[in-house]
Amino acid sequence: MNFLDFCRLHGILIDHLPPVGLWRRYPTEDKPRHRNGAVKFMGDHGFVQNHATEVTVSVWKPDAPVKISARDLQEQVRKAEQDTLRRQHEASKKAAWILHQCQYASHPYLKAKGFPDEVGNVWVREGEHLLVIPMRIGPRLVGVQLIDAAGGKKFLSGQVTGGAEFIIDNKGPHFLAEGFATALSLRMILKNWKRRYTIHVCFSAGNLIKIAQTLPGGYVIADNDASGTGERVAKEIGWPYWMSDQLGDCNDHHLREGLFRTGQSVLKALKI
């Protein structure tokens with residue numbers, strides 16, 4: 001099996017080989033509007049992960065040996081690593097520039113998610129109003145998530161996403177959430193029940209694990225997705241977790257059942 005077919009086997013929509021030695025993001029069959037597919041082609045082997053359905057990286061090896069010298073491969077990898085660092089630096093600079101252009105305002109996405117009075121960083125790009133969520137590793141800004149009025153989400157090209165987070169800090173226990181809307185629902189629940197919190201928006205299921213590894217312990221608010229990835233990740237982390245009894249996330253449960261019933265469910269499951 002060649003590398004492209006291996007990627008497609010994992011649900012990644014790809015039609016040409018990526019540059020050697022670089023991680024590249026692609027849409028997936030289950031979420032064609034997002035770039036949840038990550039691939040890295042190394043010439044004689046490769047790495048593939050669909051972040052929407054998989055929590056580990058799969059390794060591709062060709063059926064027959066690939067004729068490429070170790071020296072040539074090493075040089076390609078060196079150039080690829082330099083290009084990756086350059087793209088990451090440019091994405092970090094662009095993120096800072098975007099945040100500088102933002103105004104603190106309401107946004108259609110926040111209203112649709114049940115927060116009509118919530119305001120956030122809003123960037124107007126060619127007439128389009130985008131909600132901007134900063135992404136940091138420690139104090140370092142590495143990128144942003146851009147959310148349009150319809151809920152479409154994008155990262156900046158070349159930015160670091162692994163290990164990046166957005167934190168809502170109220171000096172309390174750690175809570176991991178995949179999406180920003182889930183974090184807002186959780187914050188409202190914990191405030192209403194007078195619980196302190198430090199909520200980490202992790203942006204993907206795979207990144208929940210990376211963030212958890214940096215923390216002493218806490219709780220997971222898992223997405224209930226058709227693939228079962230959310231619950232599988234929560235169990236792998238090993239902390240107490242809550243997950244909706246229907247497909248969707250905490251915000252979907254909040255909108256469907258109301259804040260009070262969702263809060264009861266969350267606090268009962270987490271025993272807090």
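**Entry 1: ground rules**

I count two residues as in contact when heavy atoms lie within 4.5 Å. The model I am reading is a predicted one.

**Entry 2: α7 against α8**

I started with the meeting of α7 and α8. From α7 I listed C250, H253, H254 and E257; from α8 they meet L259, R261 and T262. I then sorted the residues of this contact by type: two are nonpolar, three polar and two charged.

Next I looked up the geometry. Two packed helices are described by the angle between their axes and the distance between the axes. For α7 and α8 I noted an angle of about 135 degrees, with the axes 7 Å apart. That makes α7 oblique to α8.

I also checked the loop between α7 and α8, where G258 is found. Is G258 buried, exposed or partly exposed? I found a relative accessible area of 25%, so G258 is partly exposed. I then compared G258 with E118: they are 140 residues apart in sequence, and their C-alpha atoms are 17 Å apart in space.

**Entry 3: α7 against α4**

I turned to α4 as a partner of helix α7, which spans residues 250–257. The axes of α4 and α7 come within 7 Å and cross at roughly 60 degrees. That makes α4 oblique to α7.

Which residues meet here? On the α4 side I wrote down A181, T182, S185, M188 and I189; on the α7 side, C250, N251 and H254. The residues of this contact divide into four nonpolar, four polar and no charged. I marked C250 and H254 in particular, since α7 uses them towards α4 and also towards α8.

**Entry 4: the largest nonpolar core**

I looked up the largest nonpolar core, which has 33 residues. Which members touch the most others? They are L131, F175 and V266. Several elements give two or more residues to this core, including α3 (108–112), β7 (128–137), β8 (140–147) and α8 (259–270). The largest share, seven residues, comes from α4.

I followed F175 further. Leaving aside residues up to four places away in sequence, I found that F175 touches L186, L190, R196, Y197, T198, I199, H200, Y219, L270 and I272. Apart from this core lies another, of 15 residues, among them L176, I211, L215 and I237.

**Entry 5: helix α6**

I met I237 again in helix α6, residues 229–237. The buried residues of α6 are T229, G230, V233, A234 and I237. Why do they share a side of α6? They cover an arc of only 135 degrees around the axis, which puts them on the same side.

What do these buried residues pack against? I listed β11 (174–177), α5 (205–212), β13 (219–222) and β14 (241–243). After α6 comes G238, with a positive phi near 90 degrees.

**Entry 6: two positive phi values outside glycine**

I checked K171 first. K171 is not a glycine, yet its phi is positive, near 60 degrees. K171 sits in the loop between β10 (166–169) and β11. Its relative accessible area is 67%, so K171 is exposed.

F203 came next. Phi of F203 is also positive, near 75 degrees, again in a residue other than glycine. I placed F203 in the loop between β12 and α5. Is F203 buried or exposed? F203 is buried, with a relative accessible area of 11%. I closed the page with that pair: K171 exposed, F203 buried.

Definitions and conventions:
Residues numbered from 1 in each chain as written. Predicted model: local features only at pLDDT ≥ 70, side-chain atom pairs only at ≥ 80, totals over all residues. Heavy atoms only, no water. Buried < 20%, exposed > 50% of the residue type's maximum accessible area, 1.4 Å probe, protein only. Helix = DSSP H or I, 4+ residues; strand = E, 2+ residues; numbered from the N terminus. Arc of directions from axis to C-beta. Core = buried A, V, L, I, M, F, W, Y, C linked by side-chain atoms within 4.5 Å. Axes fitted to C-alpha atoms, helices over the stretch in contact; angles between N-to-C directions. Parallel < 35°, antiparallel > 145°, perpendicular 65-115°, else oblique. Nonpolar A, V, L, I, M, F, W, Y, C, P; charged D, E, K, R; others polar.
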